[in-house]
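Here are some notes to read alongside the model. Take the points in order, and keep the 3D view open while you go.

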Amino acid sequence: MVDEPDKLLPVANVGRIMKRILPPTAKISKEAKETIQECASEFISFVTGEASDKCHKENRKTVNGDDICWALGSLGFDDYSQAIGGYLHKHREFERERASAAAASSSAAALAASNQIQIANSINQATAGEASASNSCKGQLSYPTNSPLEFRSLMEKGQSSHTKP
């Protein structure tokens with residue numbers, strides 16, 4: 001069996017919510033926080049119990065936001081039901097936008113990574129091509145076979161001093 005304190009909302013969270021609506025100089029007693037803690041926890045249990053019963057009758061295992069809105073309406077909290085329904089709609093819209101932005105960001109990152117890979121491959125191919133051209137040119141190059149003095153005299157006469165190896 002679950003202990004009673006485990007069914008209650010955390011008192012620190014309840015106190016923080018209470019302080020938001022009160023003036024900054026207001027003090028809240030421990031007893032007041034505990035009383036609101038018990039009331040809020042009971043209210044949540046009451047509404048979720050009704051929503052859970054609806055799900056059970058429909059052979060579903062998961063209670064969703066629409067079930068909570070329905071339960072609030074069926075329990076006579078129509079104003080809350082409409083307000084929560086509006087927030088639920090906005091929340092779902094926000095989640096859809098966030099998911100599409102994440103998907104766009106993910107595809108943009110994948111595209112950028114793909115472009116980087118293509119650039120790296122192009123650089124590698126260009127470097128390989130230069131190395132290949134350099135290697136193929138080695139056979140075409142001629143080196144002087146003359147001594148430096150003979151080379152100088154041939155250059156002055158305008159004759160080629162290079163011979164193919």
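Is F43 buried, partly exposed or exposed? F43 is partly exposed, with a relative accessible area of 34%. Please keep in mind throughout that this is a predicted model.

1. **The overall layout.** The protein has five helices and two strands. If you walk along the sequence, you meet them in the pattern α-α-α-α-β-α-β. Of the 165 residues in the protein, 11% are buried.

2. **The aromatic pairs.** Now back to F43. A search of the whole structure turns up two aromatic pairs. In one of them, F43 meets F77 edge-to-face, with 5.2 Å from centre to centre and 85° between the planes. This pair links distant parts of the chain, since F43 belongs to helix α2 (residues 30–57) and F77 to the loop between α3 and α4 (78–138), 34 residues apart. F77 counts as partly exposed, at 25% relative accessibility. The rings of F77 and Y80 have centres 5.9 Å apart and planes at 55°, so this pair is tilted. Put together, F43, F77 and Y80 form one aromatic cluster. If the numbers seem abstract, remember that a pair of aromatic rings is described by the distance of the centres and the angle of the planes.

3. **The largest pocket.** Which residues line the largest pocket? The lining consists of L9, P10, N13, V14, I17, M18, I36, A40, F43 and I44. You will recognise F43, the residue from the aromatic cluster. The volume of this pocket is about 280 Å³. Helices α1 (11–21) and α2 each supply at least two residues of its lining. One lining residue, L9, lies in the segment before α1, and L9 counts as partly exposed at 30% relative accessibility. Try finding L9 and A40 together: they are 31 residues apart in sequence, while their C-alpha atoms are 7.7 Å apart in space.

4. **A lysine with two partners.** K54 lies in helix α2. Is K54 buried or exposed? K54 is buried, because its relative accessible area is 18% and the cut-off for buried is under 20%. The charged end of K54 sits over the ring of W70, 5.4 Å from the centre of that ring. The side chain of K54 also makes a polar contact with the side chain of D67, at 3.3 Å.

5. **Helix α3 and its ends.** D67, the contact partner of K54, is one of the buried residues in helix α3 (residues 65–74), and the others are C69, A71 and L72. What caps the N-terminal end of α3? N64 does, with a side-chain oxygen 3.0 Å from the backbone nitrogen of D66. Just after α3, G76 has a positive phi of about 95°.

6. **An asparagine to look at.** N59 is found in the loop between α2 and α3. Its phi is near 55°, which is a positive value in a residue other than glycine. As background, most residues other than glycine have a negative phi. N59 counts as exposed, with 73% relative accessibility.

7. **The cysteines.** A disulfide is a covalent bond between the sulfur atoms of two cysteines. How many disulfides does the count give here? The count comes to zero disulfides. Two of the cysteines are still useful for practising the exposure classes. C39 counts as partly exposed at 47% relative accessibility, whereas C55 is buried with a relative accessible area of 2%. The class for C39 follows because partly exposed covers the range between the 20% and 50% cut-offs.

8. **A route for your own tour.** Start at F43 in helix α2 and turn to F77, its edge-to-face partner. Then look at the largest pocket, where F43 is among the lining residues. Finish at K54, whose charged end sits over the ring of W70.

Technical notes:
Residues numbered from 1 in each chain as written. Predicted model: local features only at pLDDT ≥ 70, side-chain atom pairs only at ≥ 80, totals over all residues. Heavy atoms only, no water. Disulfide = S-S within 2.5 Å. Buried < 20%, exposed > 50% of the residue type's maximum accessible area, 1.4 Å probe, protein only. Helix = DSSP H or I, 4+ residues; strand = E, 2+ residues; numbered from the N terminus. Polar contact = N/O pair within 3.5 Å; in protein donor to acceptor, adjacent residues only side chain to side chain. Phe/Tyr/Trp six-rings, centres within 6.5 Å; stacked < 30°, edge-to-face > 60°. Lys NZ or Arg CZ within 6 Å of the ring centre and 35° of its normal. 1 Å grid on protein atoms, 1.4 Å probe; cavity = no way out; pocket = protein on both sides within 12 Å on 5 of 7 lines; lining within 4 Å. Points joined across faces, edges and corners; volume = space filled by probe spheres on them.
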